[in-house]
Amino acid sequence: MSALLEISIVAAYMLVALGVGAVAYRVTDRTAEDYYLAGRGLGTGVLLFTTFATLLSAFTFFGGPNTAFSAGPEWILVMGLMDGVLFGLLWYLLGYRQWLLGRAHGYVTLGEMLGDRFGSKTLRGLVAGVSIFWLFPYVMLQQVGAGTALEALTNGTVPYWAGAGFITLFMIAYVVLSGMRGVAWTDTLQGVFMLSMVWLAFAWIASALAAEPGGIGAAMPTEFRALGGGVYSLQWMLSQAIGIAFGVTMFPQVNQRFFVGKSEKVLKRTFALWPVLVVLLFVPAFLLGSWAQGVGLAMPDGGNILPVLLAEYTPGWFAALVVAGALAAMMSSSDSMLLSGASYFTRDLYRPFVNADASEGYENKLGRIGVVVFASATFVASLFTPGTLVSIGETAFGGFAQLALPVGVALYWRNTTRSGMLAGVGGSQLFYLVTVFGPTVYVGGVPVFADAYWGWLPSVVGMAIGLVLTVGVSAVTAQATSEDTSVYFEAAD
Amino acid sequence: MPSRSALGWGIVFVVLVALAIPWFLWNDASMVAGLPVWVWWHVGWMVVTAAAFAAFARRDWGTFAGVAK
């Protein structure tokens, strides 16, 4: 199998995506709303796939099957609860409400929406700062994944730095060109491509296994058949599902998608289609991982199980296509993150704190410069992958999850105050950061800062602390005169 | 005072969440058509969830997040 063929497949695929970006550029006008939010005009198919493709990252192809390979396929159930049920409900409870408010008041970012009601530049900056803190290393990890995957696919012909750099340049090109519309369209292409690749791989391998004695049942390792066991305790599964589902809603690239639906009908249809998409993608992807264990394959050092399984059962060109699918997954997450990161930076940090008088045209240019700077910085970081950044990236979902409940309270409870929000957002972040980076502290056998609280993870415990702080502090403080509760509860119709 | 539809859908959503992980099948290792039985539960439950979400979106979309029109 020549590296040339593999590189050509990946390159051909990227050219198609770039073409889509160029078409999107031609229909995008030069306003922030159009650049960041595609003029709030996405239809069901595009919104569904762009959000889904954005959610997925490389986990579906690599991390997920790896987990199913080493610990069993129960992660399927975690995904079902997380993305099928909880994210669907949050899509409605947080997303629909944000959509209504965004439409009524023209919000482009979460920080903007909160800053407006609570009359607080500090809150706006805090939310943006916290978001960029967790987002930056997460983008870096995607670039690391892309570099590693290309290096493995070409047996080292394309070195790590070149692979990661190439992907970065490519993303910069179409994100700078076409903004949200280009990202959403390429995401749709990438999402459909991923889904097809997973099913082709599944059908191919399942039929090969079915032809062997014992059928596909024999490929499921005996120790994986029973529900639970090993790392899978009920608290652990629930913590993961809850922490990640809430975290996802506050990831800038997902949260911003709450603003982009064309109509209520689009939001309704997307809402009902979540669980369907979850079954279609994760069940086959994770079963493949467990089957690889059952047929006795070995995980390569620092590598991934899915390419090994494909190499065993399918021809090389097909494995290259699947790796292109995985790259698609990484890019469709990273491109959106770059765009959202840039919008948080320009709208919630630069504009309010540095240059309040920036003109629309200047901001438009600045947003694109922001994309280039953000992407280049994460690329440089990916060459060194400092340990601290890796741990921040790996705990990013938990970090974002801390924002969800204070935001939910603000969206639904009239008596929320600015002090309550600052306490809830700041306090929960502080707690979570200490559990991730600080020392483990027990007082009288009770965990204060630890990896687990009676089986529950710190992300979920921090969420509870954030909720209590937001509600508690709001209850004992009064709203400042600069707060304007009516923007959430009266104008939005 | 929550409306009847809010109460009804609230219960439906809680049940959808509560049974997404079939804890009553914990440690059950039976296989159906080559896959663990709980994988089939998952597939079925996602279909049920999608149907419930669709019905909610069609009939009572404004129940919780809506604003008075």
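## Exercises on a predicted two-chain model

Among contacts in chain A of this predicted model that join residues at least 6 apart in sequence, 86% link residues at least 24 apart. Let us work from there, one chain at a time, and finish at the interface.

**Exercise 1. Work out how compact chain A is for its length.**

Step 1: Begin with the make-up of the chain. Its secondary structure comes to 21 helices and two strands.

Step 2: Compare the radius of gyration with the globule rule. Chain A has a value of 22 Å, close to the 23 Å that the rule gives for 493 residues, so chain A is as compact as a globular protein of that length.

Step 3: Add the dimensions and the burial. Along the principal axes, the C-alpha atoms of chain A fill a box of roughly 75 × 60 × 45 Å. Buried residues, those under 20% relative accessible area, make up 60% of the 493 residues.

**Exercise 2. Do the same for chain B, and decide whether it is spread out or compact.**

Step 1: Sort the elements. Chain B has two helices and two strands, and along the sequence they follow the pattern α-β-β-α.

Step 2: Apply the globule rule again. The radius of gyration of chain B is 16 Å, well over the 11 Å given for 69 residues, so chain B is more spread out than a compact globule.

Step 3: Look at the extents. The C-alpha trace of chain B spans about 50 × 20 × 15 Å along its principal axes.

Step 4: Turn to burial and contacts. Of the 69 residues in chain B, 39% count as buried. For contacts with a separation of 6 or more, residues 24 or more positions apart account for 56% in chain B.

**Exercise 3. Describe the interface of chain B and chain A, and find which element of chain B gives the largest share of its side.**

Step 1: Count the residues. Chain B brings 36 residues to the contact and chain A brings 45.

Step 2: Take the area. About 3500 Å² is buried between the two chains, and carbon and sulfur atoms give 81% of that.

Step 3: Check the polar terms. The rule finds zero salt bridges across the interface, while five residue pairs are in polar contact, both at pLDDT 80 or more.

Step 4: Assign the side of chain B to its elements. Those giving two or more residues are helix H1 (4-18), strand S2 (35-36) and helix H2 (37-59) of chain B. The largest share, eleven residues, comes from H2(B).

Step 5: Finish with residue classes. The side of chain B that touches chain A has 28 nonpolar, seven polar and one charged residues.

Note on methods. Residues numbered from 1 in each chain as written. Chains lettered and ligands numbered in written order. Predicted model: local features only at pLDDT ≥ 70, side-chain atom pairs only at ≥ 80, totals over all residues. Heavy atoms only, no water. Contact = heavy atoms within 4.5 Å. Buried area = accessible area lost by both parts, 1.4 Å probe. Salt bridge = Lys/Arg side-chain N within 4 Å of Asp/Glu carboxyl O. Polar contact = N/O pair within 3.5 Å; in protein donor to acceptor, adjacent residues only side chain to side chain. Helix = DSSP H or I, 4+ residues; strand = E, 2+ residues; numbered from the N terminus. Nonpolar A, V, L, I, M, F, W, Y, C, P; charged D, E, K, R; others polar. Rg over C-alpha atoms; globule rule 2.2 N^0.38 Å. Buried < 20%, exposed > 50% of the residue type's maximum accessible area, 1.4 Å probe, protein only.
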